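Before going through the individual contacts, please open the sequence and the coordinates side by side, and follow the residues as they are named. The account below begins with a term, then turns to confidence, the interior, the charged pairs and the surface.

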Amino acid sequence: MDEINRVFHGGIKDSSFTDFSISVNPISPPFVDKLFSKQAMKVNQRYTYIEWIEDSFRQRYGEDTVVLAGATEAFQIIGFTLMKDSEVVIPKPNYGEYSRVAHFSAEKTHFVDILDIDGKRLDYSRLFEYIQKENKKSRKITVIFSNPNNPTGYFESDLINYIKSFQAFENILFIVDEVFLDFLPEEERTDLSFLENVICVRTFTKFYGLPGIRVGYVKTTRYRKLFETFRAPWATGGCGYLFLKLLLQESSENLKLFEKRTIEFIKTERQKFQRYIYFPSKTNYFTVKIPDLDEFMDKLHRNKIHIRTLHDMGMPQFVRIGIKDQKSNEKLLKIMGEVLNA
């Protein structure tokens, strides 16, 4: 297999392990039982057209939305269409899928190191300075990255002002992956979707703790027709269709309560690991710098625990840890104390 297509993701096949390498909500949504009921069986016995409920979806999530089979389908479409013959700019560290889809049809891929280890932050000024320089010699630029950042959990609240400064350049397009945005309190989030030079990519699978149900959406007015044209028919499948149907049937009050409960739980559990967290995280995962990674991983695996190493993201001394249930978190915290404090 070509190296370009070998993107490393979290997850472990052995189900006897507690898997901290994936970053999904450990709390189930209020309607989760209905997803595995007799109704679910009936839905999965027929073709489900997402267009049947998309009008209702847009009433809640905006007329500029297009439902897709998770963020992954959005990136696939972007890779084959909007990145075609483009100079793609990716700040590092970031999700490896951006690089893979850029190789579908892009002219060239540029990587910009924004990692400030000493300052324990991501320096986005480096990215936008690079775009300014590249814009003088490139006719088409596509910038793609996550906010909150994957893998660090770092959230750049001033991103809107950075991007606004490029609104006059029609040749520059920003793809902002916001799949972990829902883990932030609503008052801390920034809305970029009104900017015409931005496509926001979002998903439900992370926040609702159901990565096997492939359903997400993009927010864009300018490119709405493009995503409607190129999305695969029935890609969300019966479970994804039923998930959206149940989500839209749930009252806004219940969903707000679920959101509040999740955010409070994640914040409380994350604070337990505060002494080890390297970059300030706003999400349900964080990074830790490990002096002896081999020893640490060996200890974890002997205790049936799996975490995400970050060699592929240019951070060989770091690991990413997704927050789980309280009991699992305490088990991991105890082992981290035994190894790292020693």
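A residue is called buried here when its relative accessible area is under 20%, exposed when it is over 50%, and partly exposed in between. By that cut-off F243, at 1% relative accessibility, counts as buried, because 1% is under 20%. The same reasoning is applied to the other residues discussed below.

The model is a predicted one, and its confidence should be considered before any detail is read from it. The protein chain has a mean pLDDT of 91, and 93% of its residues reach 70 or more. Over residues 1–6, however, the pLDDT is below 50, and beyond near neighbours in sequence this stretch has four contacts in the model. Where pLDDT is low, the predicted coordinates should not be read in detail.

With that caution in place, the aromatic side chains offer a way into the interior. A search of the whole structure finds 32 aromatic pairs. One of them joins F204 and F243, whose rings are tilted with respect to each other, with 5.8 Å from centre to centre and 50 degrees between the planes. F204 lies in the loop between β9 and β10 (216–219), while F243 lies in helix α8 (residues 237–249), so this pair ties together parts that are 39 residues apart in sequence. F204, like its partner, is classed as buried, because its relative accessibility is 3%. Both F204 and F243 also belong to a cluster linked by ring pairs, whose other members are F31, F57, Y61, F180, F183, F207, Y208, Y217, F258 and Y285.

The loop between β8 (172–177) and β9 (198–203) deserves a separate look, and V179 is one of the residues that lie in it. V179 counts as buried because its relative accessibility is 8%. Leaving aside neighbours within four places in sequence, V179 is in contact with A71, V201, R202, T203 and K206. For one of these, T203, the spacing can be given: V179 and T203 are 24 residues apart in sequence, and their C-alpha atoms are 5.3 Å apart in space. A contrasting case is N254, which is found in helix α9 and is partly exposed, with a relative accessible area of 34%. N254 and I199 are 55 residues apart in sequence, and from C-alpha to C-alpha they are 29 Å apart in space.

Charged side chains supply another set of links, and the count of salt bridges comes to 23. In one of them the side chains of K282 and E188 meet, with 3.0 Å between N and O. K282 lies in the loop between α9 (252–272) and β11 (285–289), and E188 in the loop between β8 and β9, so the pair ties together parts that are 94 residues apart in sequence. K282 is partly exposed, with a relative accessible area of 35%, and E188 is partly exposed too, at 30% relative accessibility.

A further salt bridge joins E196 to R222, the closest N and O atoms being 3.2 Å apart. Because E196 lies in the loop between β8 and β9 and R222 in the loop between β10 and α7 (224–230), this pair ties together parts that are 26 residues apart in sequence. Here E196 counts as exposed, at 52% relative accessibility, whereas R222 is partly exposed, with a relative accessible area of 40%.

Two helices are linked by the salt bridge between K272 and E330, in which the closest N and O atoms are 3.6 Å apart. K272 is in helix α9 and E330 in helix α11 (residues 326–340), and the pair links distant parts of the chain, 58 residues apart. Both ends are partly exposed, K272 at 25% relative accessibility and E330 at 42%. Beyond such pairs, E51, E54, R58, E63, R224, E228 and R231 are linked in a network of salt bridges.

Finally, the surface also carries nonpolar side chains. Y47, Y49, W52 and W234 form a nonpolar patch there, with about 480 Å² of accessible area together. Of these residues, W52 lies in helix α2 (residues 51–61), and W52 counts as partly exposed because its relative accessibility is 48%.

Methods
Residues are numbered from 1 along each chain as its sequence is written. This is a predicted model: local features need pLDDT of at least 70, side-chain atom pairs count only at pLDDT 80 or more; totals for chains, interfaces and linings use all residues. Side-chain values use heavy atoms; hydrogens and water are left out. pLDDT is the predictor's confidence in each residue, from 0 to 100. Contact means heavy atoms within 4.5 Å. Patches are made of residues with over 30% relative accessible area and no salt bridge: like charges are joined within 9 Å, nonpolar side chains (Val, Leu, Ile, Met, Phe, Trp, Tyr) within 5 Å. Accessible areas come from the Shrake-Rupley method with a 1.4 Å probe; for residues, only the protein chains shown count as cover. A salt bridge is a side-chain nitrogen of Lys or Arg within 4 Å of a carboxyl oxygen of Asp or Glu. Helices (H or I, at least four residues) and strands (E, at least two) are DSSP runs, numbered from the N terminus. Buried means under 20% relative accessible area, exposed over 50%, partly exposed in between (1.4 Å probe, protein chains only). Rings of Phe, Tyr and Trp (its six-membered ring) pair if their centres lie within 6.5 Å; planes under 30 degrees apart count as stacked, over 60 as edge-to-face and the rest as tilted.
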